[in-house]
Structures are given as structure tokens and as C-alpha cells.
Amino acid sequence: MKPLWLFAILALSFPLVTQTKSSPKPVIHHAASTPTAVHRSALVIDTHADTPQRMLDDHYDLTEPLNGGYLNFESAKQGNLGAEFFSIWVEPKLNEGHYARRTLELIDAVHQQALKHPDKMMMASSPEDILRAHREHKLAALMGIEGGHSIEDSIGLLRDYHRLGVRYMTLTWSNSNNWADSSGDADDPSVHHTQDGLSDFGKDVVYEMNRLGMMVDISHVSDKTFYRAVITSRAPVFASHSAARALTNVPRNMTDDMLRAVARSGGPNSKGGVVMVNFYSGFISDAWWQAWKAQGPERKAGEDAQIAQWKADGKTITYEMTDALDKQWASKVPRPPLSALIDHIDHVAKVAGIDHVGLGSDFDGIPSSPEGIDSAADLPKITAALMKRGYSPEDCRKILGQNFLRFFREVQATAKELQAQSAQRPAITDQQPFKK
Ligand SMILES: [Zn+2]
């Protein structure tokens, strides 16, 4: 792609003729519409990366080489990544009793990176901030909390996290909490679940998120909680990192009906939410998921033995150690082709609509990704693959970031309306004051 890219710059919008061995007729492109040029012209936004754990536990600095990770400044630059939502994820078992402390430390780790590298990265908390960072050629760093347990059942903590810059929250991670249910344990009778997907407090949380302008993220939640969140939320909802269940049948993925519900979510004049597609091999390939599941008992025994050994040796177990262990097992399963990921993006675009799809990589949170996607530097390959399937430059730019930006703006606008209405939470009602 490089020579084409160089030529694109020289030729600007002059027609460009390329001829390859396999295509006897010359293919005529306008340089401004080559995949590379289209990708370069886009504001690329990814809504989920788990890098903060590396930053906190392993003192990882984004100026360092990737060293097994997916995201650093160099790869972000190569992939023309304009904005990243860093995931603030608190492992619920290891951090029992101090979820808030861990949440705050992860938030601090992201801020520290921005403070250390003001020439490369800028904390951002609004669509305008993302645009400003883009103009200044800096990575816009945003934050989303992954798992409602981080608020420890406190609306005050929710507001504190918002003050610190957090702009979305998945209502649950793989664990249900006191007020929302997770797809990870929805079928486990030993786990406490809500009556109808969200408790009254859970509805308060959703309302307060709407009022603050914090995006309601339904990735990870149970189907019941999903639908309850959609009818409770005054603003459109989104999935920061989810794929399609029609193509890969895992509970963590979304059914076609859910994809359409996200697209139609929000108030009567809403343009709806977005589904940001996860890159994890297990969520985009049935074959990969089946092989990973079959490997389960052997993997668990192997990992448990390794962890016991580390403990016996007196080692502190870090994120990098467990991540490497997971990746070692995942590497035994052949990676799905890039087309598997494109299939999911294409499916969401067809079912939910071209205005309701985007990218939620889950970089640094997944042990395997499709062939060719080894880091953020490979994002242009997605644009190239989409264009090969007939997606126009305009459509690609929507998928790469414009759809999300439009949604983010609407969530902020809804917050302003609610703040103007009243500082008080109205009485809890089962449904939003409008029907769609
Ligand atoms: Zn996740």
C-alpha cells in the first residue's frame, strides 16, 4: 500500500492508474478515493481498549514498543487512530472490597500518560475535544468504565467518575451486580439477579447517566437487562465492543433484534445508537469459539498450575503475565481470517443500518484477533476490506468514526435538555416518557 499512498499525496486528486499481473485491464482510481487515502481522511475512533491495566500494573508507557500489546503511540499513528476510549475495568474477584480504589487508580494511570506526553496525547471528554485533538495531531484519550460494580452502588461515585472524565459505562461486565444482570452469569442460579433486568436503583443509574451525559453501554449485559436499559434510557444507547449473534452464537453477542433496537433507541427525535464491533476471534468466528471452548478444561488446568507455580515462587502476578498465558493458549487455535471481522461489520451495517456501526476493538483485552490485525497499525486494512466489498468512502468514514461522533453529540445534547428540565430525578417509571 505504501507506494500507492506516496503517489496519492503527489497526485492529490488526479486519476491514478494501477496495473497488476492478475488484472489485465488497468483499474482506474481517483487518488483521493484509494483505501489508504480514505483511511487517512477519516477521523478514526475506537471505543474499547484495555491498555490501562498495562499502564497501571506493568508501568507500560505508550512510547514503548508494543511488546505483545496492541496499542502504543507508534501503532496509533500508523493506523491513523484519532481517539481511543481506554477501558477502566476492575477485575471483580481480585479487587473485592475496593472496586472504587482500583477504578480511581486506573483512571489516574490514563491521566498520567496524557500528562507525561502532552505532545502526543490529550485527555478528551466531548466530541469537540476529539476534534481539537485531531486538529492538533494528538491521540484523543477518553475513558469508559467496564462494569457497573465500579460505582459500588453509589450515584455519588458515578458522578465523581464523570467529573474525572469517564464518558461511558457498561452496566455490567461478565459479572452481574446488585442492579443489573450480565450475559456472563445470567443462567447461573447461584448468582443474584434483578427481577426485570434493572432494579429501581439501576433505573436511577441509567437516568443519572443520561443527565450527566455519560453514554449507556450495553455490551456484556444480559438480554433482559439490554431491553430494560433501552426502554429506560432517555438518550440512545450503544455497545462499545460487541459483535453479532446471528453470525457467531455466543451470549455476549447481540441478536438482530437487539441490533435494530440500538439503532432505534433514544427519544422520538433521536437518530439512534451505534454498535461498535468487537475484534475478538471468539466473538467473530464460530469455529474459533468452538475450538477455544473445547480447549477449556485443559487450559484451565494448565493456567491454574502455572499461577500456583508463580505464587509458590513468590511472584506478584501481573496483567502482562496472565495475558501472555492466555495468548499462549489462544495461539493453539488458528486465527480467523480478517473477512470474519468484516462479515460482522457488514452484518451490523445491513441489519442496524449504515449509520449505526463502528469499531470497538477490545485491544489489549483479547487473547486473539483475526489474521492481519496485530495492532492499531493495522486499522487501514479494515477500510481496504470494506471498500473491496463496495463500501463507499463516505460509508467507511461513518464506520470509522462519524457514526459514533454523531451518537456522542446526541447523548450530550440529551444531557443538556435533562439538566435544564430539573436537577431532581423524576419518579421512577418503567418506561421513558415516549414510545418508539
Ligand atoms: Zn469487555
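Does Leu 400 count as buried or exposed, and what is its relative accessibility? In this predicted model, Leu 400 counts as buried, at 0% relative accessibility. A good place to begin, then, is the surroundings of this residue.

Leu 400 belongs to helix H17, which runs over residues 393-421. Once its neighbours within four places in sequence are set aside, Leu 400 is in contact with His 39, Ala 42, Leu 43, Val 44 and Ile 45, and also with Leu 359 and Thr 383. Val 357 offers a further point of reference: 43 residues separate Val 357 from Leu 400 in sequence, while their C-alpha atoms are 8.7 Å apart in space.

Helix H17 turns up again around helix H6, which spans residues 127-135 and has Pro 127, Asp 129, Ile 130 and Ala 133 as its buried residues. These four sit on the same side of H6, because the arc they cover around the axis is only 160°. The cover over the buried residues of H6 includes H17 together with strands S3 (44-49), S4 (81-89), S5 (121-123) and S6. After H6 comes His 137, with a positive phi near 55°.

Strand S6 leads on to the metal site. The zinc ion has three protein donors, namely Glu 146 through OE and His 220 and His 241 each through NE2, at distances of 1.8 to 2.2 Å. Along the sequence, the spacing of these donor residues reads E-x73-H-x20-H. Glu 146 lies in strand S6 (residues 139-146), whereas His 241 lies in the loop between helix H9 (223-232) and helix H10 (256-263), so this pair ties together parts that are 95 residues apart in sequence. Both of these donors are covered by protein: Glu 146 counts as buried at 3% relative accessibility, and His 241 is buried with a relative accessible area of 0%. Both values fall under the 20% cut-off for a buried residue.

The view can now be widened to the chain as a whole. The protein chain contains 17 helices and 10 strands, and 58% of its 436 residues count as buried. Of the contacts between residues at least 6 apart in sequence, 72% join residues at least 24 apart. The pairing of Glu 146 with His 241 at the zinc ion, across 95 residues of sequence, offers a local picture of parts brought together over a distance along the chain. As for the surface, the protein chain exposes about 18,700 Å², and 55% of this area is supplied by carbon and sulfur atoms.

Notes. Residues are numbered from 1 along each chain as its sequence is written. This is a predicted model: local features need pLDDT of at least 70, side-chain atom pairs count only at pLDDT 80 or more; totals for chains, interfaces and linings use all residues. Side-chain values use heavy atoms; hydrogens and water are left out. Helices (H or I, at least four residues) and strands (E, at least two) are DSSP runs, numbered from the N terminus. Buried means under 20% relative accessible area, exposed over 50%, partly exposed in between (1.4 Å probe, protein chains only). Contact means heavy atoms within 4.5 Å. Accessible areas come from the Shrake-Rupley method with a 1.4 Å probe; for residues, only the protein chains shown count as cover. Donors are N, O and S atoms within 2.8 Å of the metal (3.2 Å for Na, K and Ca); water is not among the atoms, so sites may look incomplete. The arc is that of the directions from the helix axis to the C-beta atoms.
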